[in-house]
Every structure is written in C-alpha cells, then in structure tokens.
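I wanted to find my way around this structure before reading anything else about it. These are my notes, in the order I looked things up.

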Amino acid sequence: MRKFWLFCTVAVLTVATMPASAFAQGGMTVKGVVVDVSGMPVVGASVTEQGTSNGTMTSPEGAFSLAVSKADAVVEISFIGYRTVAKVASSADLQRVVLEEDAQALDDVVVIGYGTASKKLVSSSISSVKMDDVDKGADIDPMKMLQGRVTGVSVVSASGTPGDSPSIMVRGVSSISGNSSPLYVVDGIPAEKYPAISSSDIESIDILKDASATAIYGSRANAGVVIITTKSGSKGRTSINVDAQIGISQVANDIRMANTDEYIRTMQAAVDNYNVQMRQAKKLYVPAERADFDWVGAISRNIAITSSSNVSISGGTDKLLFYASAGVDTQQGYIANTSFNKYTGRTKFNYKAAKWLRVNINTSIAYSRQNKAEETSTSLKVIRTAREEQPWYTAYGTRDDGSYGYLQMTQSGLCRHNPVMLINEEKWWIDKLQLQGTLSLDIMPVKGLKWTPSISGYGIFDFETKKLTEKHDARAFNTGWAAIDQQKDHSFRYVFDNVVSYENSVSRLHYSVMVGHSIEKYTYDQFGMYSDNYANDAYPSSSLGLVTSGANIYPGNVNFNSYALESYFGRIALNWDNRYIVNFSMRSDGSSRFPKNNRFGYFPAGSVAWIISNEPFMPKDTALSELKLRLSAGQTGSMAGIGNWAAMSLISADGSYNESSAYTIGTAAQNLKWEKSTKYDAGVDLGFWNDRLTASVDYYYSRTDDMLYAKPVLATTGYTTITSNIGSAENQGVELAVNGRIFTEGAFKWNLGFNMSWVRSRLLSLLDGQERIVVKSSGSNLLGGTQHVLQNGQPISTWYMYRFDGIYQRDEDVPAALYAKGVRAGDCKYYDRDGNGDIDENDRVLCGKATPDFFGGITSNMRWKGLELSIFCSFSLGNKVMAAWKGVNGGEGVEHLGIASAEVNVPGFGPTTQYFNVSRQAARGFWRGEGTSNTIPRPLLAGVHTGYTYDYNVLTSTRYLEDASYFKLKTITLAYNFPERWMKACRMQGIKVFFTVDNVFCATKYDGYDPETSYNTNPAHSNYGVDFGLSPSMRSYIFGLQVKF
Amino acid sequence: MKKILYVLLGLAMVGCGKILDDIAPKGSITTGNLTEKDLGKLTNGVLYTMEGFVSKCWWDGDVMGEVFSEGPGQAALVDVTLMTPSTPSVLSRWQSCFTALLQINGLLESASSSSGAAAENAKKTAYFCRALVYYNMATRWGNVPIVRGITTSKIAISPASDVWKFIISDLNEALKHPATGASPFYVTDNAVKALLAKAYLWTGETAQAASMAGDVISSMNLLSSAESIAGTWCFGSTTQETVFSLANKRSDNAITLYPSVNDTDGSWNYGPAGDLYRSLYADAEGRTGDIRRAISFTDENEKVIVKFPNGDDPASSYQFVKNDDRNRSPLVVLRLPEMYLVKAEAEGRTAGFGTLKKLLETRYADISALEMPADDKAWEDLLLDEYLREFFGEGHRWFDLKRMNRLDKFKTLGDREYLMLWPIPQNEIDMAGSAAYPQNPGYAKTE
C-alpha cells in the first residue's frame, strides 16, 4: 500500500517538473505572465495568435512565451471562467495580463468526483442544475426539483405525505436485488441516502451519468452519482439574503365516494344479485336514522399550510470566505395531525492561512420532526378506512356504556375502525437530527500541485415515538402493540480522504493528474423498546411519555450494522488546445462485505472529446458556435444487494427458550461478487448563434452482469432464497436537452428549455437458463399480490396478470367451467390465454411496465422589465400504475361492490353484516343489465364465486392497471423585481415578490390522486408501481418574498 | 511550517489496512467461534424454533378436519379439505418444516463431536425434534425428502415407509441419550416414548405402540377436574398430564393461540363448526356429564373456543380459568390422555375398551352405563368421538380420520381420497424436477 503511495508521489512529481518550455520559433516572441484580479498566476490559460492555430498555454507561474508571425498580430488570452483578453502583440500590456472573472462563464463549471471541470471541456455525461435557477414551488425536498429538469433522471414520489423522500433513478433500472437509487455526495461526503438540506443552501446539483464520470466512485456508482454542492461565500461585500414563502394547499384531484343513497342502492343490488343466484333471502340492514357523513373530510385538512424561509449571510476578504445560513420549512399534510417541519443551519469557512495553505471548514445541522398517521400500514390505512366506512354513520355517538365518544368498530355498527379515532388516539412522530462536519486543507507546496487531506463526519440520530391512548380500540388491547414505543437509532459515517492533484501545461497541452486514497466507515445502531399495552393495564396514563411508566419493558428494534471501504483512485485529464480532451480514471475499492482474500474490485473508465468548433479549420463567423463530440466507456459496480455480513457464517444470539437465552443458526457465508456494469456513452454538444441556442444529445448503452438476486432455492436447504449473482440486464437510452435564449436583447427576455429522455431496460438472462421468475408477492394481499415478472427480453418492473377483457353481457357468453364457479352475466371477462375455458394462473400475460419510456420537462422563463413569468411542465409516457386502492386481490377497496363486509353488532338491532362504501364512480357505473357497462362488474356479495382465494371479480388483472402517462403543468410563477433605483435609495441589492401556483394541472387518464406514485421504490419489487391510496398530492398557492441586502 | 506537512503526510498513512478486517456484527458470532459451552444455548435455539414450527402447524387438523367454522375475522371456510400443488399454505408449511430442520441438523452437527451432559441433551433434543418435524411431514405428505444434515444439494423424495423408519430410528436414537431433567418443557424419555407410540400407531405396529404408550401411562397420572385440566394452557403451566410442552415464555415476538379462536377485538378466525357447540359434549349413550365442555366452550358466546384463555380483561374475557399472561402460554405438544387413546386404539376393541374407560372415568360425571361397542366400526366411532372431545382445537381431527381411514366422516371430501396426501408444492417440483420430486397421486389431473 505504501508502495502505491510512493509510486503516485513520484509520478506526480515527475510530471510536475517537466519543463513548460515554449516551442515558439522565429518572428517576434511575446512574453508575459497571466494573473487573476488578486494577482495569483493563472495556470493553463490559452494564449493564441488570433486567426491561426498558433498558440501556447501558461505555466504554473502564469508565464507564457509565444512566437507570433508579425508585430501587429492579435494575441488572445483566454481561460475558462474568465473574460477573454485580446491585445496587439507589440502591446506592453501583454507583459502582465489581468484576467477578470466572468460571472456567466463561472456558471459553466460542473462538479466531478474529487474535482471540478469546465462544462465546455467535459468529456463525460453530466447534468447540472443550479438551484437558484429553479422555480421551487411547494416542494421542500430538493430532489423532487430534479424531475423534468435534467435528462436521464426520473423521480417518483411515494405519496403526498409530508416528509417522504422521492425515489430517484438515473438512466433506468440498474439492479433487481434492491437498490436502484444513486450515490449522493454532499460536499465530498458520500451517502446512500439523500441528506436533509435546505434547497436555498444548495449551489448546484450535478448528476454524473456515464461511466467516465461515475467510475471514480467505483463500487457504488452503478445507479449514477448525485453530487450536491452547497453555497460558499465570495469575496466582496457582505450580503444578506432573506427568502420567505407561505402557501396554502388543497387536494389537487379528489376521489369522490358514494353518498348514503348511492351506497344503499349499490349494496341492495349486491344483496339482490346474491339472493337470486344463491336462492337465499338475505336482507340489507339499513338504519332508520341516516346521516351523510364525509369520513375522508373528517380526517383531512381542507387547507394545509406550507412555509419555507431561509436567511443567509455571506461574504469574504482576501483571506477569508464565509457563508452561513439558517432555514425553517414547515409542511402540513393532507391527513389532519400529519406534518413535517425541518430546521437547517449551515456554515462554510475558507481561510487562506498561507500562500500554500487553505483551511476549509464546513458544518451543517438539520433537525426535522415528522408527525405521522397510519396510512402506509396495510391494516389501519386511515385514508382507505375513512373512504370505506358506511356514510350513514358519523364518527361520534353514544357508546354502549352511555358515554359520548367514538363509535367503535363492530360494537357500534361501524364496519371499519373509526378513522377519526385512529388519527386522534395515536401520536406518532419521528425526530431526526443530522450533523455533518468536514475539515479539509488545501496544501499547495509547488505551483500547480495541490494536496487535500480531509476528514468528514456525518451522524444521523433518529428518535421515533409512538403512543396510543386507551381509546385506540384497534391496538390498545391487542397483542404486539404498546402504549408507548420508543426507538432511538443512530448512524455515523466518517470519511478520510487524501487527494493529490497536479496541473500544468506543456505547449498547448493542459494536463492534470489526480490520485487519492479514501477510507470510509459506516455504523448503524438501532435501539428501541416498548411498554405493555392497556390489556395488561400496565400503563397508567396516556399523558406519560417514557416506556418505564409501564410494568414491563420489551425490546424494540435492537440491531447493529457496519461496513468499511478502503479505496484508491486516480485520474489523468489531458486537454490539447481545448480541442482534444482525454480522460482516464481508475478506482479500486475494497469492501468489508467480501471475504478477506477477495475484497478489491477495479473500476476503470475513459473518455475522449473533440471540440470541433475550436478547430482552426472551422470558420469562425458561422451560426455554429459550439460543436463537441464525446465518447466514453467504463465499468462501475454496486454492492447494495450484498449484506454487511454476507461473507460470514453466523450464529445469532436471538430468541429465548423458557426464559433462557438462545442461539440460532444464520445464513451460511455466501460467495458473492460485485454487480458490475459496463457503460458506453456517445454525445454531441451543439451551440448556435453564440450559444443562444444550445443542444445536447446523448446515447448510452450499459450492461450489468452478475446481478444479485434472492435466488429461490429448494426448501430442503433450510432457506427459501439465497442471494446469488445470477443474471444480466441492459439499459439503453437517448437523452436530449435543448435550451434557447429566444430574446436576449431589449426589455423582453425569454428563455425556453426542453429536455426529454428515452430509456429502455431489458433483462438479458436470469437463473441458470430460466426464462422467467414470477416476482413473489410481498406484504398484504391488498397491495395486489403477484403482479410482476422478471423475464428475459422484458424490462424490469414488467406487469404480469390477467387481462381484463370487459364484462360478460349475457349468461350464454360465460364458459362452462366459469359458469360452474358461479360466474354470470355482469362479472368480469378475462383473457383465456391457454384457451382451456377456465381462468387459472396459466392465463396471466405480460401487461406493460411500471417505469416510463419517455420523460422530461419544459421550462420557460420570460422577463419584461421587473416582471418575470416562469412556467415549468413535466411529462412521463409509457408506464402503468396499479390502482390497488380500488380493491384488487382482496375484500376491500372502493370498487369491491359488495365483497367487503364485516360482522357488526348494531346497538338496538343486534348482529348483522355491514358493507364497506364504494366510490361514486363505481356506484353510478356498475353493470345493471346487458349493455350497461363493460368496465365495472355487477355488485355481488362474497361467496357466490368459488375456486379463487379472493373473489373472481377482484383477481389481479388489468382492470386495475391504468395508464400512468401524464403531462403536468407543475408550476407557474409570476414575480416582480423592484427597480434598482428604489433599491439604491434604501441601500438594498434587491427585492423580489412572487406568486406561485404549484401542481396547476395534470393531464392523465389515471383516476387516482396522482399517476406518479409507488408503494415501493425498488423497480424489481412486487409492489413497485402500486398506488395503495396514500396521501394525495396537493395543489398549492404560494406567496413569496426574496430580499437581498 | 512545512514540518506540519510531513506530519500530515505521516497521518495519511495511518489507519489503512486493518479497517476492513475490524467489521463484525454485535448480535452474532461466527460459526468458527462456537464452543462446547454454547451447546445449551444452541439447544434452546432449537426449542425456540420448534415453538414457531408447532404453532404454524397447530390448526391444520381442525380446519381441514371440518370442526371449525369461520370466525368474524376470517374469510368463509369453503371446501376446507381441498388443496392444490399451488396452495400457498401447503408451500409455507413445507418450508417451515425445513427451516426448523436447518436448526436441528445444525445442533446435531455442532454436538456430534462432544459428549458432555450438554451435548447429550443437545443430541436427545435434536433427534426428538427432527422426529417431530418428520412426523408432521409424514402424516401430511407421506413421501418427503429426508434431510440428514445441512446441505444445499438436491435430495430426492423418499417413500413414506422410509420416512417412518427414519422417524422411529431418530426416536430410538433419542432414547439412547440421557435427559437433563424431568421438566416437560424439555425432551424427556416420556416425550420420546409418547411420540414413538404415535409413530408406531401410524405404521400399524400396534404392539409397539401399545407398549410405548403403556410406559408413559404407568409413570404419570390423569387429572380429573375441568379446572385443573384447563390449567394446562395457562402461563408457565406444567400440569401432571403434560408429557411434552414448549414453554413459549418469550419476552417479545409472542406466539399466541387465543387470537385465532377467542380474540378480544372481535376479529378471531375460527369458531366451532355447525352445531358442534351444542352437540360435541352432549351426553351420549353410557357417557354423561362431560367435564371437558367447560374447557372448550363458554355459555356466553357460541362462536369462541376458550381452551386457550385470553387473559383477564373483564370486558371481553371469555375464559374458563384465569391466565396470568395470555401471550406467554405454553404450546402443549403431547398430553397424557392421548396415550390412553393411542393405547386403546392400538390394543383394539376388546383389550382397548378397558384402557379407554380409565381415561373416561376422569372425563365424565358418569360412565357406569358405558358398554363395549358391538363392532369395530362402533369402536372407531367411539374413539374418534373421544379424540375430538379431548383434542378439539388441538389440530387432531383430520389426522385421526386419515389414520383410521374413516373418510366417510368428512362432509366435503367426496370421492377425492387423493387429498389425504398433501400435494408436493409445485414451487419445489419446478426447481427439483419431477423425477426427484414426483407429485403425490391424484393432483396432476386437477392442475
């Protein structure tokens, strides 16, 4: 290892001492130095004789020497990020050229792994978003703002639940074992999860997409890398920014439920249909006194309030740059009592201690509280429960004991748990504290050489508390629940990096070399406990808050996880005259997840770019201002699917027998390899009319081999699955981004941007020659059951189920085998694939997929004097969503039409059967006779159809699978900037007021809350693309103010 | 100042190398670190696993034996004897058998080279538990793969006769190793003999069955009051009728039986089928005043089964005896009354009638008028009635009807006799191939 270091050091020093000689000959020779405003030499600036290919670059001292053909030749000095200077060769000004920073050009810097590069000179595929340019709308999570704004990145929100993180996918599905989410790197610290940062503190988000960009992160780069750079101070006057906004939100697209009359008519039809077919005489119980209660209204907010404010102060001198900020974001949820509040603070200091030493300190703190309700719970699921309660009852009433209180399930006649009780009698909150700190030094002993040792720590502390009162009749007395449950988990990560870089120029070759070493260790400790519940009468009062208040304490989640990585990496970047660019990088990762003798993986990558527009043979005065070709190839890896202890055969100390502790045998050591992707990318960057119109097109192909999967094994092994490297998959896609500054001169300015990504994923091979694996259903049957398949040649997330072909209109149309199972006119017709006259598992077919083919966005910014109008749209095409909330695969849901019932005890009447409510759409549209409906079947009680686990009419079929394509007008913002002269008068830099409508309009065929939803975030999971019926997305109206001092 | 540079350079070299080796879990040890001292804990682990296994299999015989109807929290029980190779519960039962065997075989392998008291107890426990798992498999599927150790290689299905031989040989092996105590929470000779008696009954070796059951009977005594018998299923209980029971005194991850038949929130799964609530414990010819009615049923609610008392919540407490800790009640696997029934069944009508009467004397107010059944069919009817009265809610019925070949007693079976052997899960056949895993007869035509 030390040899490696020695080698690297020697290599760097050898390159460093190469003479930066000038090869100029004959004619007049111009000599000089190039410095920046602060007097520091500018290394690698390009010095050319205008109109020729004659040129050189500045040395580490900023010096240059160029032989020009004649004394009146014009010498051009340019450097990325600075304004180009042109002087006559004989001018004395050339002896010392001062380059001024070009604010516009500085925006064109992109962050790459362990360094930065000019966007113009990048040879790999990187998308970059400057956060200040983003119209944030109502979102708190900056990751949501990537949607539609960058190519190749698709964002799916799990729900409208405040505080829930979206899932991000870069360039398609890269894994079938679990994690398809990218690696996040915040100011140099890597993390698998996206950390809490206020969007106002973010300078830029750079998404590394191709292997040439990502391979520097080696074993965690398969799914792309998202680099987040926070804001820094800059030299000059101290400025204070205040951003504040407040908004009100309402449900954007509601789902209407049947009213009491519609409900009674539907259930009466179900009872009648049942009685006719079963020759029975069941009666529907209808109470004499009936309300028309809005159950969903009773648990939801009519208007939810969101707010966001951030104050930052930044500035600097020659020695010190600083940035500090504090922010508060609050968001109320759709469900009453749910909310998310986030408080953030951040400081960044860069201190120039000596000419050769810079000290950087970067700290942040984020605290958040999320108040939750049981909506993802597949048993309590408050929104679904509220929808399906009988509308003729209200939430409160006189109880059995004469007291006034919540109506109770079954005992008071309610067929579901009282949702108002569910949200009021359980307090559930998660406090999260995230602390991050980085100390790094930039040591520059020799010009061009920089050594950056850095140490970073990142801690996340979670405190989760769940409290029930004794009025919570669903859980307060049931086994396995506690009056109070506390969980305190923390994770800690430290990263110790050493990066040495050197850059210099030889003639027109600008080169940079970087080598580095990194150590990273992650630990995760879970610790929790819970008390007795009210059944044991052990918890005296719901107003107490410690588990010790109970008689007994039980362990909650107690666990420990850890891994470490040790890595070596390096990169060589060569740039010949801003025309030919070559990059090569290599990373070697060693992971504690592998056996000792097999730890290291190697991830090489390379790329080339040819900037044709800088060629001397290209005419200068044409419309074409930029033309760049890029090619890259490389390998990356993933270890997300490998458990921390996969390499060990373990005996676990868990469980007990007869109050004595026990050991159980765990999974035997597995011989696993990294998932490895080989990726290729070809791209063209174009600019016209001095870059007024720019376009960028990329094609990529990637192939992932040795994909990890929980491979099904014979039960005799003692396991049902064993994680193995099994198959291969490929992704390919095209990405297009076009940006036009349509009007740049004059009072009216207009920028218009468009981007679109097309992606196609395909499984190439699975288990030992097997064609397909039907993805096992996971969790509650109400999520849809078995509905996905992994099949060769098909995309990951392919739907696999019965095809719904409409409704049988006449009894004669029903095949005999189904007729014998009770199927009649008015019931669902499924495609009989094998033609055997019956509907069984063999009839399931491929039915599209849950990931889109196309997605993208449109951004328009118009400006007239102080007025600004911004419009942002996003779209997605080609994916399908499973509307599980309608009642697929089980006896619940708003289209159950009579199947969903409960035995209740109606006070004053006695035991009877009651039925769940249905949607208005189902109540008004169900089949009532030949020709009346071909989409919604007849109402029917359970027990008529035989031969299926759940009812025949609710089989997992395309009846519930809907097109999730959409076009969204996401935000419209109208802003006004106060005139400069007013500002000068009150010594301010600017005031901007704005009004935004977020989630304005959504064009989609989907009739749920929002087509962008998924119960699970992993595309290979059984519940990916499932809409379970969680909190809806909201439409928000926001007023905001930005003040700059 | 450049000295600092060298110091930092030095620092950079530190911390490399060892970091990847130092990562280890806290809740587990590697197999290499297991010592002889750990055998006791590993034995506990097997019994812990058996608690889960036994509870998973618990209701099969009742549900499929048609003695249950659906409770308020259960979908309609329709055609309960029907199974197909794709029935999820068939696969999950198959899988839980082998999951338990992994622990058992692991214990056997760890104890094989040791010989202390802990090792002896480990071996006795392992052989007994392996036999108990295979007993459950043999009575369901008949033909199953015999897994003698931890392996990932494919093992073909063996015929039922070989499986029974394996069970009996394991039990005889268990008898060779001494037990550490007499508590029915651990494997004793009585437990082994009781299971041997049941196994011999299935294989038709009636003389051995009677002899083994007789051994157990002679060393234990019956209870005679409903209260004391009902106490068998209360927290920490080891009544004198308990031959083998799993303690189930977990502090968390509770295994509970009561929520399935007598829950407090009104959503239990099963109640007595049809008119069993009224007819099961009714007086019969020569047998009057069955004390066991109070153990199973309550007058307050005809849809609950109170055998596993649900605690002491006064609002919803349908229970006969008080249970201090309903979530930690023992899982009673073998009870003495079964030995009387096994012995009586093995001895046949003439010899067995006397054995049966000894049991019934403790179960009825009066059996003085009970006469020996006139023929073997009536004798079987009497035995089956007593099995049901004694073991209602303990998963017996389907197995008893199958063993005595009284399929006429099933209401929904019809002519589908093939259903008396469970189907080999299609999931497993798909992986192993039908040569190694032939499907049990009768199922091909239904798929």
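What follows goes from the contact between the chains, through the domains of one chain, to the sheets of the other.

**Entry: what kind of model**

I reminded myself that this is a predicted model. I kept that in mind for every value below.

**Entry: where the two chains meet**

I began with chain A against chain B. How many residues are in contact on each side? I found 64 residues of chain A touching 70 residues of chain B. The two chains bury about 6000 Å² between them, and 64% of that lies on carbon and sulfur atoms. Next I asked which three residues of chain A supply more of its buried area than any other three. They turned out to be Y657(A), Y663(A) and T716(A), with 14% of what chain A buries against chain B.

Then I turned to the charged pairs. Four salt bridges are counted between chain A and chain B. I looked up the one between D21(B) and R599(A), where the closest N and O atoms are 2.4 Å apart. For polar contacts, the count between the two chains is 17 residue pairs, both residues at pLDDT 80 or more.

**Entry: the two domains of chain B**

I moved on to chain B by itself. Its domain 1 is in pieces along the sequence, 37-66 + 86-180 + 414-447, while domain 2 is 206-412. Taken over C-alpha atoms, the centres of domain 1 and domain 2 of chain B are 25 Å apart.

I wanted to know how they touch. In chain B, 26 residues of domain 1 are in contact with 33 residues of domain 2. Those two domains of chain B bury about 2600 Å² between them, 65% of it on carbon and sulfur atoms. On the domain 1 side, W58(B), W59(B) and E66(B) give 30% of the area buried against domain 2 of chain B, more than any other three residues.

How many salt bridges cross the interface of domain 1 and domain 2 of chain B? I found one. I also noted the salt bridge of R250(B) with E51(B), with the closest N and O atoms 2.8 Å apart. Polar contacts between these domains of chain B come to 15 residue pairs, both at pLDDT 80 or more.

Which helices of chain B supply at least two residues each to the side of domain 1 that touches domain 2? I wrote down helix 2 (39-57), helix 3 (60-64) and helix 5 (117-140) of chain B. Helix 2 of chain B gives the largest share of that side, seven residues.

**Entry: long strands in chain A**

Back in chain A, I followed strand 19 (residues 320-332), which runs antiparallel to strand 20 (residues 339-354) and is joined to it by 13 bridges. V328(A) is opposite Y343(A) there. Strands 19 and 20 of chain A make a hairpin with six residues between them, and N337(A) in the turn has a positive phi of about 80 degrees.

Strand 20 of chain A also pairs with strand 21 (residues 357-371), again antiparallel, over 15 bridges. This second hairpin has two residues between strands 20 and 21 of chain A. I picked out N341(A), which stands opposite R369(A).

I then checked strand 17 (residues 236-251) of chain A. Twelve bridges link strand 17 to strand 18 (residues 304-316) in the antiparallel sense, with Q245(A) opposite S308(A). Strand 17 of chain A is also antiparallel to strand 56 (residues 1034-1044), over eleven bridges, and A244(A) has L1041(A) as its bridge partner.

**Entry: two open sheets in chain A**

The first sheet I looked at has four strands of chain A in the order 41-42-43-46, with antiparallel pairing. Why is one side of strand 41 (772-774) and of strand 46 (845-849) without a neighbour in this sheet? Both strands of chain A stand at the edges with a single partner strand each, so one side of each is left free of a neighbour. Neighbouring strands here are turned by 35 degrees against each other on average, direction ignored.

The other open sheet has five strands of chain A in the order 10-15-16-13-14, and its pairing is mixed. At its edges I noted strand 10 (126-130) and strand 14 (189-191) of chain A. The average turn between neighbouring strands of this sheet is 20 degrees, direction ignored.

How values were computed
Residues are numbered from 1 along each chain as its sequence is written. Chains are lettered from A and ligands numbered from 1 in the order in which they are written. This is a predicted model: local features need pLDDT of at least 70, side-chain atom pairs count only at pLDDT 80 or more; totals for chains, interfaces and linings use all residues. Side-chain values use heavy atoms; hydrogens and water are left out. Two strands pair if DSSP finds at least two bridges between them. Axes are lines fitted to C-alpha atoms, for helices over the stretch in contact, and angles run from 0 to 180 degrees between N-to-C directions. Domain bounds come from an automatic or database domain assignment. Contact means heavy atoms within 4.5 Å. Buried area is the accessible area (1.4 Å probe) that two parts lose on being put together, summed over both. A salt bridge is a side-chain nitrogen of Lys or Arg within 4 Å of a carboxyl oxygen of Asp or Glu. A polar contact is a pair of N or O atoms within 3.5 Å; within protein, one must be able to donate a hydrogen and the other to accept it, and residues adjacent in sequence count only if both atoms are side-chain atoms.
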